[in-house]
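Please open the model in your viewer and keep the selection tool at hand. The tour below proceeds from one selection to the next.

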Amino acid sequence: MPSSLSLGRIKGIPISANWSLVGLIVLLSWELATHVFPSSDPGQSSIAYTAMGIAAAIGLIACILLHELAHAIQALREGMRIHSITLWLFGGVARFDRFFPSGGAEIRIALAGPAISIVLGGAALASASLPMLPAPIATTLWWLGTMNLILGVFNLLPALPLDGGRALRGAMWATTHDLARATRIGVQVSKIVAIGMMTTGLVIAMSFGNPVSGIWLALIGLFVLQAGRHEAAPAPPAPAPVTIADILRPTGVSLSADVAVTQIETLIGSSSPLTAIPVSDDEQVIGILPVAAVEALAPEFRSRTTARALMIPRGDLIRLSPTTDIAAARPLLATSPWGYGLVVDNDVLLGIVGPREINQSTANPT
Ligand SMILES: [Zn+2]
């Protein structure tokens, strides 16, 4: 059995419900039909209470979906993509394909949900007080209005991953421009709020004779405590390499011109990121030897071939400055033997760049 039930798409966003939601609707309908509505609106038939209970439970789920859609639609406006919306036991979760583009966007996306819930709550309460409305409908609307107000206000608690916690983190992020720090503070505040919810829930359950509400609040506090712990800031994207200096690896060692090319193996081990090594003669770099050139040579010739014989002479190589743009360097390197270039600053050799460095600079998505 799949863990969730697909409910279709709205604005292209897949909507699904966790199976726990079915249990929630059944339990909630039953609790409303047998306890809540008979005490708040006495004198109706049991069929009326059952209908009110089912309508109210399904209505509440629909309102939670509208809350999540408000987040999702605001996120679309902020240029984000929405992966999915899942409804489950504690409400709904809208999943985004990537992280919020800015603190301001996070605030607007976070507040869109509670704003809709509060508007829905106000509208339902206003409708419930309309004269001439049959009592069962008025009672159901009154309950839905109250629940939406609770949903809106509760979600504004400043605890991650609740909306209030996101808005708080977004505000700290927008003012300090430090997402990691904003998240750390947000997680600390969340812990305090979650422990407060659990304590309040247990006090309500034990001292005020309202075990269901108290345990519910304590469970949500526990959920916030657990979920908030995983609310880590995403690693900031590594800055895109722009110039040759950003991708330059110092070579460190060089090979003497008159030794066999097999010596390259002892100088740069198999774990080395280097793919070429300078060849020196009299302390002067006279060329470079790519590992690939050694590997291209038949093994029986390797011990008889000197670095001088196989190297690319310095004069044949493209010379680049560390400040050269990678984009500008790429076509130049394509014309250089084996795709290698020397990085030189004021006639001092700083290093070698080759195909691997250039390709890795484009492989890093940013
Ligand atoms: Zn929300």
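Select strands 5, 6, 7 and 8 to begin: they form an open sheet of 4 strands in the order 5-6-7-8, with mixed pairing. Strand 5 (255-256) and strand 8 (312-313) stand at the edges with a single partner strand each, so one side of each is left without a neighbour in the sheet. Strands, of at least two residues (E), and helices, of at least four (H or I), are DSSP runs numbered from the N terminus; two strands pair if DSSP finds at least two bridges between them.

This is a predicted model, in which local features need pLDDT of at least 70 and side-chain atom pairs count only at pLDDT 80 or more, while totals for chains, interfaces and linings use all residues. Residues are numbered from 1 along each chain as its sequence is written.

Remain in this sheet and select strand 7 (residues 284-290), which pairs with strand 8 in the antiparallel sense over 2 bridges. Gly287 stands opposite Pro313 in strand 8.

Next, select strand 1 (residues 4-10) together with strand 2; the two pair in the antiparallel sense over 6 bridges. The bridge partner of Gly8 is Ile15 in strand 2. In this hairpin, 2 residues lie between the strands, and Lys11 takes a positive phi near 50°.

Now show the side chains of strand 2 (residues 13-18). Ile13, Ile15 and Ala17 point to one face and are buried, whereas Pro14, Ser16 and Asn18 point to the other and are not. A residue is buried if 20 or more other C-beta atoms, placed from the backbone, lie within 10 Å of its own. Add strand 3 (residues 82-88), which pairs with strand 2 in the parallel sense over 3 bridges; here Ser16 stands opposite Thr86.

Then select helix 2 (residues 46-77) and helix 3 (residues 103-128). Their axes are 8 Å apart and the helices pack at an angle of about 145°; axes are lines fitted to C-alpha atoms over the stretch in contact, and angles run from 0 to 180 degrees between N-to-C directions. Among the residues making the contact are Cys63 and Leu66 of helix 2, and Ile109 and Ala112 of helix 3. Two residues are in contact if their C-beta atoms, placed from the backbone, lie within 7 Å.

Finally, display the whole protein. Its secondary structure comes to 14 helices and 11 strands, and its C-alpha trace spans about 105 × 45 × 40 Å along the principal axes. Buried residues make up 34% of the 366 residues.

Methods:
A residue is buried if 20 or more other C-beta atoms lie within 10 Å of its own, exposed if 12 or fewer, and partly exposed in between; C-beta atoms are placed from the backbone.
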